[in-house]
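Trainee: I'd like a close look at one small part of this model, with the rest of the chain as background. Could you walk me through it strand by strand?

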Amino acid sequence: MLFYGYKLCLGHYFLYFCTHIYHIFLMITHTFRFSTLSLIILACMLCVVTTLKAQDCEVVAHVMESSGEEMVGSLVLFQPGTSTRYTQLTEVDGDKGFFCGDRYYITIESVDGGECVCRYYNAGSWVQVATHTFNEDVRQLLSAVYNPADSVVYCVMQDAGTREYILQKVRIDDNTLAIEEGESMVLQRAFYALSATREGDLYGFATDAGLYRISASDGSSEKLFSTSSVGMDTQSTWIDAEGVVYRAVPSSIGTTIYSYTLDDKREKMVKVYTSVKRIVAMAANDFTIDNSKPMPVTDVTVRWEENHNNGTISFVAPGVDINGIELTDSLTVRVLVDDIEIATLRVQPLTRCQLPYVFTDGMHKIEIVASNEYGDSQEVICEVYAGYDVPQPIKRVGVTCDFPYVDVMWAEPSGEHGEAVDVDNLRYKVIRYPDCVLIADTVATSVRDSLPSMPFYYQYGVVAYLPDYETTETKSISFYYECKMQPPFSFTYWDHNIFNAFQVEDANGDGVTWEYFKTISDEFVLRYKYSGINAADDYLYFPIMQLQEDVYYEVTAYMRTGSEKYGEMFSMGLKPMNEQQGHIALLSHAAVDSKHSTPYSKGFVVDESGDYRLYVHCSSPANRHILYIDSVVLTMQHITTQPQPVSDVELLTDDQQPSVVTIACMAPTTSVDGLPLDDLYEVAIYRNGEVIYTSASPMPGASITYRDSVCEIGNYDYTIIAKNTSGSSSPVTRSIVRGIATFPFSHDFADGAGFFTTIDNNNDDVTWHFYDDRFLGCMRYLSSETHAADDWLITPPIFLADSIRYQVEYSCCAGHSHYPESIRVILGRTPQPNAMSMVIDDLIEFTTISPDTCVIVPFDIPVSGVYYMAFQAVSPVDSYAILFRNVAVNEYDPMSVSLPMSDSCKVWGSVGSIVVDAISENDILIYHLDGRLVEKRKTKTHRQHIVIAPGMYIVCIDNVPTKVVVR
């Protein structure tokens, strides 16, 4: 007697085996035949089931009984604890059978000709409802289990060809009974018995005597603990409601039942049945013959509106019950989204239902259950992705070469979850390797690249991205770019791809020559290593390059020796690809005697345009060391028939017009090779790289001028280039600061001198200079030991209007409190000291050393126009230093605050008076905030109170204003 089937624990498990056309049913070309089994063995089997499942449930078994020469199969129902069969459900054909969920029982029978027949029985009425025939043998089944968590059958099979062990997912369509193959994964070992918990955890006993937890997502396995027996491929397992795994293992003495507790990883031998040869499968009955529960809903879909968040859930209500009988009464359908019920519908059988719903962005689970008076149908679960989907990585990057161009193409990616991607915001980055150049950032699905003139292996990578998401990079195949190099070019690093484009000639045939080498420190070098017997005679030929006869080139090779004790010798030249021409020497017998990379340069012109190879010839004596080539650079200096640069270039200015500059130059008269020019067609003037003037077809030697106007002050570069039919001359550039500063004007000398001008008016070589060792940087005047100061710090030009009252703010202090310093603030129309006449402030002998001291002085101008403001150091001989922090010119602000520049006089407000504490006599001027003079008097050499009405005042002592509040 054999038990076939899988456990379906009451209220806990629904197990079924679902076979695939090629991978499951077809493995039975070699049928199992067993000896006659008596009813005594059947009674023993029932004892086993009773021992394993000590609860009140029925047991369904597929029993194989002997009938003469044949084995007859039948499905029987037993009561645990008894040894008699009280119900025969039906006779079944086939010697293998599996329960498929709670709806079908499936048997397999091999017939003549190698065909396999699969029969479906309704698990409620036990009536045969369908038949399939298959005739191929692909895989052999070892074990299978129905996983209730994802409603999938997991099968362990062995491939008949590769002998690999496979974990295969399969489904059976509930309506058509068609078989559908799912994902398969390669296992690292064989599992002869699978089991599954209600939560979907898979367990299996492997051929290495281990109990494993198996991942249903990728087939990986984790060994929980070792078991006492390996068993054979006919063993079976069963997990009871408490999560205890029972395992039946046949042996020569009978069948042994083990139990395994997963929590504490304990194995226990339950019982040995000497009269039972083997137990193939066990299952608890969960079938109700008279149950008329409805079948599940079908055709579940979601139709999206344009924004991909508003969706309509659509499905068709079932038309029959689980016994295949037509439904006549209405049904209740519950719809859940993410385990939250969103609707309960009352519908007629076979009605198509549509339910609008607004989804949030992301993945959602939809669950639909139909029910009638007999109970709930099996739930139908589907997952949908709402909102615009994120893109998958690009599947394939295609490359088509049409040298020197390469077309890179790819297909628009689909969504990661099969939904629509926001193509309006989808972009692509295309990167070329190995130089890691970003070729394009585009919305198109193809780009064209112009490859550099360097033979090499190239590859392209494409990344699709949205503003908040980026896919992984997909790379094209690597391809070799065979080309002739076009100067300029450089070899600044080495690898085997580059070295493949070179040619090596071992002229002396000693087997020692140029090589590409990786050092111990993982440095890649190009070198000639010495021969202990022969002098070097070895050529290293660079890739083919195209040279023009009228171009002046310059080649620079950076060379070094492995040991300064042993100098190396080399020469450099050109080998024309026209074999009739010999080698052209450029640099002959140069000595290399330094371990540091040293440049060796040579300019040259070829007599005939064509293809050439640059070469380096090592000619070191025998028994030297190593000659390294670190890099080689070839540049085009100019074409010999191009014009000479322009001459006599001047930038002419006028201090009265600070925004105007006149550019003057002389057009060239000869070409680079010294011949007279007869095709000069243009002299162009550029300002900061942009053409501002072109003199068309000037006569050679002609004088060219152009008057340019700029707006804001800045450093302007003027470049002049002459052009003829051969090309452009070398550029000639001059720089100048021009323009008017924007008002209001401010400058912090922590950022440097800016556009200020310094003038050493006493010519003692001591003047204002940038000083970065005190309060973040400032301008400093360091005194002379022989000359009184007469040194000017002049602002850039500023436009001032006579209708506005201004104030100048500046921070300055003395370098030492024991050495008084003096400074004068003067305004003028030009930046020359002799033109500065309007004195704004005269700060004499101040000793304040705080760098935060700010002086604010109001002033007016007589006429609107452009002005320069100068800060003149006038300290006496052998003082110390003036430190100047920042400058600002603003509109006058009566609320501005400044502090006295001397500790000899302090001013503050009190109740009903202004308090002055002085040690010498000074003029006191008190102003209202509107500028009206309130009082003028002299300070006394002691503290005095000046009675005045409450309010805010500006008190000027020695032209230094201070805001005072009187209460």
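Which residue in strand 21 is the bridge partner of Thr-301?

Mentor: It's Ser-314: that residue in strand 21 is the bridge partner of Thr-301. Before we go on, keep in mind that this is a predicted model, where local features need pLDDT of at least 70, side-chain atom pairs count only at pLDDT 80 or more, and totals for chains, interfaces and linings use all residues. Numbering runs from 1 along each chain as its sequence is written, and side-chain values use heavy atoms, with hydrogens and water left out.

Now the hairpin. Val-302 bridges to strand 21 as well, with Ile-313 as its partner. In total, five bridges hold strand 20 and strand 21 (residues 310-316) together in the antiparallel sense. A strand here is a DSSP run of E with at least two residues, a helix is a run of H or I with at least four, and both are numbered from the N terminus; two strands pair if DSSP finds at least two bridges between them. Five residues sit between strand 20 and strand 21 in this hairpin, and His-308 in the turn has a positive phi of about 65°.

Asp-299 is worth a look too, since we're in strand 20 anyway. Its phi is near 55°, again positive in a residue other than glycine. Most residues other than glycine have a negative phi, and most peptide bonds are trans. Asp-299 has 47% relative accessibility, so it counts as partly exposed (buried is under 20% relative accessible area, exposed is over 50%, and partly exposed is in between, with a 1.4 Å probe and protein chains only).

Zoom out a notch and the hairpin belongs to an open sheet of three strands, ordered 20-21-24 with antiparallel pairing. Strand 20 (298-304) and strand 24 (352-358) are the edges, each pairing on one side only. On average, neighbouring strands in this sheet are turned by 20° against each other, direction ignored; the axes are lines fitted to C-alpha atoms (for helices over the stretch in contact), and angles run from 0 to 180 degrees between N-to-C directions.

Further along there's another open sheet of three strands, in the order 68-69-72, with antiparallel pairing. Strand 68 (905-909) and strand 72 (943-947) have a single partner strand each, so one side of each is left without a neighbour in the sheet. Strand 69 (residues 913-918) runs antiparallel to strand 72, joined by five bridges, and Val-916 finds its partner in Gln-944 of strand 72.

For the wider setting, the chain has two helices and 74 strands. Half the story is inside: 50% of the 967 residues count as buried. Of the contacts with a separation of 6 or more, 63% link residues 24 or more positions apart, contact meaning heavy atoms within 4.5 Å.

The largest nonpolar core has 61 residues, and among those with the most contacts inside it are Phe-491, Leu-547 and Phe-604. Such a core is a set of buried Ala, Val, Leu, Ile, Met, Phe, Trp, Tyr and Cys residues joined through side-chain atoms within 4.5 Å. Strand 33 (residues 456-466) gives the most to it, six residues. Leaving out residues up to four places away in sequence, Phe-604 touches several others, including Leu-547, Val-551, Leu-574 and Leu-634.

Two backbone oddities are also worth finding. Tyr-433 and Pro-434 are joined by a cis peptide bond with omega about 15°, and Pro-434 lies in the loop between strand 30 (427-433) and strand 31 (437-442). Phe-743 and Pro-744 share a cis bond too, with omega about 0°; Pro-744 lies in the loop between strand 55 (732-738) and strand 56 (745-748).

Last, confidence. The mean pLDDT, the predictor's confidence in each residue from 0 to 100, is 81 for the chain, and 84% of its residues reach 70 or more. Residues 1-57 stay under 50, and residues 79-84 are below 50 as well. Where pLDDT is low, the predicted coordinates should not be read in detail.
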